[in-house]
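Colleague: I'd like to learn how to read a model like this one at the bench. Could you walk me through it?

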Amino acid sequence: MTRQGLAGYPHPPEACLVNFYEASARMGLHQDRDEQEFEAPVLSLSLGDTAVFRIGGTQRGAKTLSLKLASGDALLFGGAARRAYHGIDRILAGSSTLLPQGGRINLTLRRVTKPEG
Ligand SMILES: O=C(O)CCC(=O)C(=O)O
């Protein structure tokens, strides 16, 4: 792996958001737009139970597609997908034994500020 790592972006992330999903948890469709730097992809790492993930376009109401994110999966929101609406429809309880109590952990690593220079 190069210094740019999975994200293919030459500056380190500045924040890691940790979400824990119990079996009944959902996350509605939203855009990640709190950061100042949109050239950097958001790197999403999934641990534990599989999630049914939904992603659409950059406009609310655009066509969406659904995919399963299993434990160990890494997903990059980069390029046009950086501002795509996305969310979690459901958690498939019991699909992983990684977390003894079940559930899912999602880590999103984010560059927040624009690099200087
Ligand atoms: O849990 C996921 O895979 C998505 C997390 C997410 O959309 C977010 O933290 O903004």
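**Around the ligand**

Modeller: Sure, and keep in mind that this is a predicted model. Let's start at the ligand: the residues around it are Leu 17, Asn 19, Met 27, Asp 32, Ser 44, Ala 51, Phe 53, Leu 69, His 86, Ile 88, Asn 106 and Thr 108.

Colleague: How many of the residues in that shell are nonpolar, polar or charged?

Modeller: The shell around the ligand splits into 6 nonpolar, 5 polar and 1 charged.

Colleague: And which strands each supply at least two residues of the shell?

Modeller: Those are S1 (15–21), S4 (50–55), S7 (86–92) and S8 (104–110).

**The chain as a whole**

Colleague: Let's zoom out. How many helices and strands does the protein chain have?

Modeller: Count the elements before you look at how they pair. Here there are 0 helices and 8 strands, so from the N terminus on you read β-β-β-β-β-β-β-β. The radius of gyration is 15 Å, close to the 13 Å that the globule rule gives for 117 residues, so the chain is as compact as a globular protein of that length. Its C-alpha trace spans about 50 × 35 × 20 Å along the principal axes.

Colleague: What share of the residues count as buried?

Modeller: With a cut-off of 20 or more other C-beta atoms within 10 Å, 19% of the 117 residues count as buried. As for contacts, take those between residues at least 6 apart in sequence: 83% of them join residues at least 24 apart.

**Two sheets**

Colleague: How do I read a strand order, say for the sheet with S1 in it?

Modeller: Read it as a row of neighbours. This open sheet has 4 strands in the order S1-S8-S3-S6, paired antiparallel. S1 and S6 (74–77) stand at the edges with a single partner strand each, so one side of each has no neighbour in the sheet. The twist averages 20 degrees from one strand to the next.

Colleague: How many bridges join S1 to S8?

Modeller: There are 7 bridges, and the two strands run antiparallel. For one pair to find on screen, take Cys 16, whose bridge partner in S8 is Leu 109.

Colleague: What is the strand order in the sheet that holds S4?

Modeller: The order is S2-S7-S4-S5, an open sheet of 4 strands with antiparallel pairing. The edges are S2 (27–30) and S5 (65–69); each has a single partner strand, so one side of each is left without a neighbour in the sheet. Neighbouring strands are turned by 25 degrees against each other on average, direction ignored.

Colleague: Which residue in S5 is the bridge partner of Phe 53?

Modeller: That's Leu 67. S4 and S5 pair antiparallel over 5 bridges, and Phe 53 is also one of the residues around the ligand.

How values were computed
Residues are numbered from 1 along each chain as its sequence is written. This is a predicted model: local features need pLDDT of at least 70, side-chain atom pairs count only at pLDDT 80 or more; totals for chains, interfaces and linings use all residues. A residue is near a molecule or strand if its C-beta atom, placed from the backbone, lies within 6 Å of it. Ala, Val, Leu, Ile, Met, Phe, Trp, Tyr, Cys and Pro count as nonpolar, Asp, Glu, Lys and Arg as charged, and the others, Gly among them, as polar. Two strands pair if DSSP finds at least two bridges between them. Axes are lines fitted to C-alpha atoms, for helices over the stretch in contact, and angles run from 0 to 180 degrees between N-to-C directions. The radius of gyration is taken over C-alpha atoms; the globule rule is 2.2 Å times the number of residues to the power 0.38. A residue is buried if 20 or more other C-beta atoms lie within 10 Å of its own, exposed if 12 or fewer, and partly exposed in between; C-beta atoms are placed from the backbone. Two residues are in contact if their C-beta atoms, placed from the backbone, lie within 7 Å.
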